[in-house]
Structures are given as C-alpha cells and as structure tokens.
Amino acid sequence: MDTVRSILANKGPAIWSIAPEASVYDALQLLAEKDIGALVVVSEGRAVGVFSERDYARKVILAGRTSRELLVREVMTSPVITVAQDHSVEECMRVMTSHHIRHLPVLDGTRLAGVVSIGDLVNAIISTQADTIQHLSNYISGSGNYPA
Ligand SMILES: NC(=O)c1ccc[n+]([C@@H]2O[C@H](COP(=O)([O-])OP(=O)(O)OC[C@H]3O[C@@H](n4cnc5c(N)ncnc54)[C@H](O)[C@@H]3O)[C@@H](O)[C@H]2O)c1
C-alpha cells in the first residue's frame, strides 16, 4: 500500500499557503492562480488551519459576506487535521471521510512537509489497482507454463 511519502515524492514539494491575516480575496486569487482547491494557513511556520473553496462557499457567499472585508482567519477551518508521511493511502482516505475534508497537510514532526488531496489518493489507488490487475493477468496467462 502506498504511503503519503510516495505521493509527495511523485507530486513534488510545493506547498501553497497563506497567512491568517490575508484577505479572503487574496486567498481566492491564489487558489485560482495555482488551480487548486485549498490553502494551508500558516502562522510562524506552523499550520494553523486550512482555507478551502468550501469555506468560501459556506462561510462567505451563503453568509452574505464579501471576500474583501473578511480575513482568512475568520473563515478558515481550524484546528487543522494533519497526517504524517508514514500514513498509508487507506488511512488518509479514512481520515478524509470521517472528517468530511478533501485536503490533508502533511507534517514531519512540526514541520509542514506537503499537502495531499483526495484526488492524489484516488490516483494512487487507481494506479495500485492497475498494477495488481496487470500482475494477475500476467500470472493467469503464464500459468500454463508452470507444473500443476
Ligand atoms: N490530483 C491531481 O493530480 C489533479 C491534478 C489536476 C486536476 N485535478 C482535478 O481537480 C479536481 C480536484 O482535485 P483534487 O482533489 O486533487 O484537489 P485540488 O484541485 O485541490 O488538487 C490538485 C493538486 O494540487 C495539490 N494541491 C492542492 N492544494 C495544495 C496546496 N495548498 N499546496 C500544495 N499542493 C496542493 C493536490 O495535492 C493535487 O496534487 C478533480 O476534478 C481532479 O480531477 C486533480
């Protein structure tokens, strides 16, 4: 089973983050620029929350507020739920499902080491399943060569 470490090795070290004192408007601009769905909110080098498109939809738009008047810290999801690099893909899926979240900041001790999304996990699962099917197909098609 893949771990968070192998996902991060594939996707690279980028971590898109924002300060809690930034405006929601600036956060939305960064989300659009990077074509992603969530930012880690970082204060003094520590992950203190996550700001996601869902936070914007529910806590800004539906609440009748505007992105220029609000700060990220007022609408971010906090405390932040994190995983470690040794967590398996399956464990991450469980955490995401039970907390209804789609992005997990990854910690190495207290240091922020990356971010995994639900898309990353689904891609890893699909690719593991494709490998398994390939191995089984090879085994079945080559089984006639083995003594009973
Ligand atoms: N996961 C992918 O590799 C990928 C890439 C492009 C588009 N998409 C599409 O985007 C939609 C949602 O995808 P998703 O669930 O992966 O979410 P997403 O769009 O937020 O994430 C896209 C990629 O950016 C990374 N990412 C997101 N926020 C980050 C952050 N703050 N710092 C560093 N990296 C960050 C994710 O780990 C993922 O690799 C889906 O429709 C998917 O098909 C996914």
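This section describes helix 2 and the surroundings of the ligand in a predicted model.

Helix 2 spans residues 24-34, and V24, A27, L30 and L31 are buried within this helix. These residues lie on the same side of helix 2, because they cover an arc of only 120° around the axis. An α-helix has 3.6 residues a turn, so residues three or four places apart point the same way. The exposed residues A32 and E33 are carried by the face of helix 2 turned away from its buried side. Packing against the buried residues of helix 2 involves strand 1 (17-18), strand 2 (38-43) and strand 3 (46-52), together with helix 3 (53-61) and helix 4 (72-75). Just after helix 2, a positive phi of about 55° is found at D35.

The ligand is surrounded by 15 residues, of which W16, G37, H103, S117 and D120 are the closest. Oxygen atoms of the ligand are approached by both side-chain and backbone atoms. A polar side-chain atom of H103 lies 2.7 Å from a ligand oxygen atom, and a backbone N or O atom of G37 is 2.7 Å from an oxygen atom of the ligand. For K11, a polar side-chain atom is placed 3.0 Å from a ligand oxygen atom. On its own the ligand has 730 Å² of accessible area, and the protein covers 59% of this area.

At least two residues of the shell around the ligand come from each of strand 2, strand 6 (111-117) and helix 6 (118-142). Helix 6 gives the most, with 4 residues. By class, the shell consists of 8 nonpolar, 5 polar and 2 charged residues.

Terms used. Residues numbered from 1 in each chain as written. Predicted model: local features only at pLDDT ≥ 70, side-chain atom pairs only at ≥ 80, totals over all residues. Heavy atoms only, no water. Buried < 20%, exposed > 50% of the residue type's maximum accessible area, 1.4 Å probe, protein only. Arc of directions from axis to C-beta. Contact = heavy atoms within 4.5 Å. Near = heavy atom within 4 Å. Polar contact = N/O pair within 3.5 Å; in protein donor to acceptor, adjacent residues only side chain to side chain. Areas by Shrake-Rupley, 256 points an atom, 1.4 Å probe, with all protein chains shown as cover. Nonpolar A, V, L, I, M, F, W, Y, C, P; charged D, E, K, R; others polar.
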